[in-house]
Amino acid sequence: MAAPGKCILVTGPPGVGKTTLVMRVFESIKSSNPNLKIQGFYTSEIREGGERVGFEVFTLDGRRAPLASTTISTPESSRWPAVGKYKVDVASFESLALPELQVREDTDLFIIDEVGRMELFSSAFFPAVLNILQSNIPVLASIPVPKFGRDIPAVARMRNHPGATVFTLSTSNRDAVKEEIYTQLVDSLRKS
C-alpha cells in the first residue's frame, strides 16, 4: 500500500499542460536533489506545419522512440492498434518505456506521462505500473480525464489506489498545483 504522497496523479483536459507540469516538477526535484535516481518516461507531440501528426515517448535521460503517428503507412503499421486517427507503435513504446519502469532497489522516484489509451495497448505496461505502485516508491503520473463520464478501467484502478492523490489541472491552477505536488513529493522522498 502506498502512503499518502507516494502516488500523485495529474489529470485534466487535453492541452491543459499535464506533461509540462510533470516535467517542471521533475526538473525542480532533479535540480534540488541531483543525486536522486529518477526513472520513467514522458510523451510529446510531433507536429508538422502546425498540425499534430503523432506522439513520441522520451526517457528522462533524453532517449526517444515513436509512440503513435498519422503519417506512418507500412504493411506492419496497418495491423497496429489505433486511438482516433493515430496508429500506435506498441513495440517501439515497449522497447523504450518498459525498461524505465523496472523497480530497482536504488530507484527514488518514478515519472509516468501518461497512463493513457495509447500506452495501455501494451499488455506489459499496466502490470509494470501496478508493480511500481506496490513497491512503495513515490510516483508522479499523468492520467486522462474520464471520457463521456467513463474512466479507462486501468486508470480508475490508479485513481482509486490507496494513497493516490489526484490533482485536476486547469489553466488557472497550474502554478499552485506544481508547487503542491513538488512539496508532497519532496516530503515523501524524505520519508522513503
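This dialogue looks at a sheet and a pocket in a predicted model.

Reader: What should I know before I begin to read the model?

Author: Residues are numbered from 1 along each chain as its sequence is written. The model is predicted, with local features needing pLDDT of at least 70.

Reader: In what order do the nine strands of the open sheet stand?

Author: Strands are DSSP runs of E with at least two residues, helices are runs of H or I with at least four, and both are numbered from the N terminus; two strands pair if DSSP finds at least two bridges between them. Here the order is β5-β6-β4-β3-β2-β7-β8-β1-β9, with mixed pairing, and β5 (82-83) and β9 (164-168) are the edge strands, each paired on one side only. Strand β1 (residues 7-11) runs parallel to β9 and is joined to it by five bridges, with Thr11 standing opposite Thr168.

Reader: How much space lies in the largest pocket?

Author: Rolling a probe the size of a water molecule over the atoms shows where empty space is left. A pocket is an open set of points, on a 1 Å grid over the protein atoms alone, where a 1.4 Å probe fits, with protein on both sides within 12 Å along at least five of seven lines, and lining residues have an atom within 4 Å of a point. The volume, which is the space filled by probe spheres set on the points, is about 940 Å³ for the largest pocket. Of its 30 lining residues, the closest to the centre are Pro14, Lys18, Phe55, Glu114 and Pro144.

Reader: Which strand gives the most to that lining?

Author: Strand β2 does, with four residues.

Terms used. Predicted model: local features only at pLDDT ≥ 70, side-chain atom pairs only at ≥ 80, totals over all residues. Heavy atoms only, no water.
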